[in-house]
Amino acid sequence: MKRLIAVIAFALTSVASAQNVILIRDATILTVSHGKIEHGSVLIRGTKIAAVGPNDQITAPANAQIINASGKFVLPGIVDTHSHTAIEGGVNEISLPNTGMVRIRDVINNEDIDAYRELAGGTTTALMLHGSANSIGGQCQIAKWKWARPASEWIVEDAPRTIKFALGENPKSSNFRPPPGIPLQYPATRMGVEEVIRKSFLDARDYMAKWDDYDARKKRGENPIPPRRDLLMEEIADIVRGNVDVHSHCYRADEILMLLNLSDELGFKIRELQHVLEGYKVAKDIAAHGVGGGTFIDWWGYKAEAYDAIPYNVALMERAGVLTSVNSDSDELARRLNLDAAKAMKYGGLTEEEALRLCTLNPATQLRLDKRIGSIDVGKDADLAIWNGHPFSTYSRVDTTFIEGQIYFDRQRDLQLRKDLAKEKADRLKKEADEAAKEKKEKKPEDKND
Amino acid sequence: MSVRRLLCFLAVLFALPAFADAPGVYAFTGGIVHPVNAPEIANGIVIIRDGLIEAVGANVPIPADAAVIDLEGEHVYPGLIDAQTSLGFPSAAPPRRGRGAAAARQQQTPPPALPETSPAFVAMREIKLSDDDVESKRATGVTTILTAPAFGIFNGQSVVLNLGEGDTPSRVVRDPAAQQVSFNPRPAWTYPDSLMGVVAYIKQILLDAQQYSAAHAIYDRNPSGYRRPDDNASLQALGPVLRREVPVVFVADSEAMMRRAEAIAREFNLRYILSGVRQGYRFADELKTNNIPVFVSVKWPIAPTNKDDRDEQPLRLIRDRQLAPTTPAVLAKNGIAFALVSGAGKTSDFISGIRKAIDNGLSADDALRAVTIWPARILGVDRQLGSLEKGKIANVVVTDKPIFVKEAKVKRVFIDGRESKLPTEDERAKRTEATSPVEGTWNLTVKTPQGDVSIIVTLHVESGQLSGTFSGGRGSGNIRNGTFDGTTVEFAITAQTQAETSDWLFHGTLRDSTIEGTVSTTAGTFQFSGSKSR
């Protein structure tokens, strides 16, 4: 049995080797950055894309493993900037209005099968976020779905640090109440949410001043008592210093403007507005602040603040100059973000390449990882998927998904493994049933004596 | 014949153990002696005097003043050590609702002293061991325990106790034994109520303790010109932990949880022990390389009782619960000295849990080491305990068959050189461990605007937390943030519909075998009620 497990582990994560050279041949390459290459090839060397171009311009080195992808499509790995997949022990730390000290990287669950299912939908990178119960929710984590690898390897270590803010109904607890005996949570209004964020920045300034004073006195040769190191204040101070990117959950136009103004007032940069269903109303202001928007194409109406939404939001924001992406907020939707991107061609008439970018290069840019992922370009991480048809067709599906040159999902292998795994499960259940029956039998004579 | 000898003789004659006031001089003869530090002695002799072991061997002269205890064919062991229990503490944290709790909740940074426990909580001072607790434990051959509350996050300072007759101070072997830390989220809406919050909280308190030490070091050297730092018993209690004088026991079952504990320990340069370690089979080599002492809980995961539930489980869980009991064998193969402990398990399941490890490849000799000399070493009490060796504490257990054999019975127990009472058969039968009234499977109906939703919840109390599983109309999974104070039940589930996922927080009142109350959800507050299924 142990051998079988070893085989499975091996099958799921082809062992990394320095000499990993793979040539994907004769596919339609959707580079996303520089157009479509019919009958094209992608050469992967190690963890990176070594070459991309028409078949005749890319030659396979002698040691290359060749994947014939005639008639298939290659798309960069899909990037989801709003994921709650693979988070253990609660997505919300609901107890306080500001929980900027909590970190998603501490609670990654590398056994969440949803991550594997998302790989099967071509998704390779995600911004893992907490829920939106707090005005400041905590430190998010940019991760790659390196299924069957330790959680520490999922973390993209040199990715920007990120934090989630949230506005509106959730942080003001509009739709849920603490149980009896627990007082209502501050804030209860949108004004209060703004104030929680503002106060936090003002507190962080005091905190920084305290440490500056300590450092100065130390420099003068004094022996001052060190101030407390406060994990929450450290994080907010790092936003002020520009070391942490802000991603903020929001719905309504008024609160979006509020946050843009607040960022001007307090001097922080918002990298991406999340959900942003009314972004189309204030797209110019969002664009003027250089802020991105990650939204749903046709998902709304699930609460009062999510009513005034339109499927043209994506196209309108994009046309107004907002760097826009479609993201999931859902383990299920994260498996088919390609289709949400496709709908932006219907609603608002984005070009094919613009629409493709909505789930690849644009979210990669929002995460400030566009130098590494999001398109098929030489030197980028070999994060990509081979599709059996154009990713914008509902009939297409992923055959193989690569992250950094390694195969993390392969449809054929998955189908083969199913039989083995079903057998292992049946065997194991039978073993348990047999043991239980034996135990019962042994117990019986005793019962009679009683 | 001395009076004592006469008494002993009579005692043996009537099969009534003698409970002498003072530890005397005894010679155990004729038994199969298992010294642990040396090979077994077929017809061995153990002499104990004034609470200590005086001699062990095949040809040891029997002192004239010794009471001879003839144990023909029986087995003699050093008393077993159970290095992770919460004996003498309530199974769950006391209720902490009310005005004080509400005020504490609003603080941005909760103090190191939570209402349930704190680093300054001294198990030795707070413990309330009942005779039942102690005697049931002895009946399994355990003469020494480490104990601390299982609830809270910083569970406090654990203590190593001998389970002899007498009061707590006379029982103490090592105090404090360790500072104990558990990754227990607090009730919903009380910081920290999520796992990520618990990790942040532990780190913050350790940072505060570092600052506290630094501040006091400066101030104590020369207070002139400094604002006096506040006093804080909890942060002070963490000083020895930061200085590596006292180890931290991290209660961590899964691989992921162990890695969280290791990350914290590395960041703060702590001396630490991992306890639980149910998934140790996965990375024994790493534990070996990093030389991490481990306590493996023999409370093995069990299959759901319902066949449908079993069939629906993913292979990952089934595989894990079958491989968990191989952990001790895998560790032993890697040359790791570990302890087998009851952890969150019941006293009566300790030996059967060890037997399961033996069934899964652990040798009986290693099993014995894992409840004697190995835990003694890890706890730093191996000069006093863990083997039958001259100069060690006279904790001696006599069994009729090899101790891990299914039919084996503990016949006599000597602790600190005194014979200690074992429960009689009648007492043993009566002492089926009380289960909490909330334990069991509940069929709940939630009245939502879309109609009634049936949810089946299976609840149990362990490690100071209400835990369990749910299934039915809103998906299935583990419950979170469970609490039970005797009447009020609270827990959260992640409710799934086709449209969305949201947290449902149940808050109910228990009456006999019914629960009634409310469910707080993002879509409003609903009524629910239900009863226990038979």
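Here is a short walk through this predicted model, from chain B to its contact with chain A and on to a pair of helices in chain A.

Let's start with chain B. Its secondary structure comes to 17 helices and 25 strands. The chain has 534 residues, and buried ones make up 50% of them. If you look at contacts in chain B between residues at least 6 apart in sequence, 61% of these join residues at least 24 apart.

One helix makes a good first stop. Helix 4 of chain B spans residues 131–138, and six of its eight residues are buried, so this helix is largely enclosed by the rest of the structure. The buried residues are D133(B), V134(B), E135(B), S136(B), K137(B) and R138(B). What covers them? The cover includes three strands of chain B: strand 7 (142–147), strand 15 (410–415) and strand 16 (418–420).

Next, turn to the nonpolar cores. In soluble globular proteins, nonpolar side chains tend to be buried together. The largest core here has 233 residues, and those with the most contacts inside it are V74(A), V46(B), V294(B), V296(B), A339(B) and L340(B). Helix 6 of chain B gives the most to this core, with twelve residues. To see one part of the core in detail, find A339(B): leaving aside neighbours within four places in sequence, A339(B) is in contact with A83(B), F295(B), V296(B), A370(B), W374(B), P375(B) and I378(B). Apart from the largest core lies another, of 29 residues, which includes I455(B), I479(B), F484(B) and V519(B).

Now for the place where the two chains meet. Chain B brings 52 residues to the contact and chain A brings 44. On the chain B side, several elements each supply at least two residues, among them helix 2 (99–105), helix 9 (255–267), strand 23 (501–511) and strand 24 (514–521). Helix 6 of chain B appears again, with the largest share of this side at 14 residues. Sorted by class, the side of chain B that touches chain A has 25 nonpolar, 13 polar and 14 charged residues.

The last stop is in chain A. The axes of helix 4 (residues 190–219) and helix 6 (residues 253–266) of chain A come within 11 Å and cross at roughly 20 degrees. An angle under 35 degrees counts as roughly parallel, so helix 4 of chain A is roughly parallel to helix 6 of chain A. The crossing of these two helices is right-handed. Helix 4 of chain A makes the contact through R190(A), E194(A), I197(A), R198(A) and F201(A), and helix 6 of chain A through E255(A), M258(A), L262(A) and L266(A). By class, this contact has five nonpolar, no polar and four charged residues.

Terms used
Residues numbered from 1 in each chain as written. Chains lettered and ligands numbered in written order. Predicted model: local features only at pLDDT ≥ 70, side-chain atom pairs only at ≥ 80, totals over all residues. Buried ≥ 20, exposed ≤ 12 C-beta atoms within 10 Å, placed from the backbone. Helix = DSSP H or I, 4+ residues; strand = E, 2+ residues; numbered from the N terminus. Contact = placed C-beta atoms within 7 Å. Nonpolar A, V, L, I, M, F, W, Y, C, P; charged D, E, K, R; others polar. Core = buried A, V, L, I, M, F, W, Y, C linked by C-beta atoms within 7 Å. Axes fitted to C-alpha atoms, helices over the stretch in contact; angles between N-to-C directions. Parallel < 35°, antiparallel > 145°, perpendicular 65-115°, else oblique. Left-handed = near helix turned anticlockwise from the far one by under 90°.
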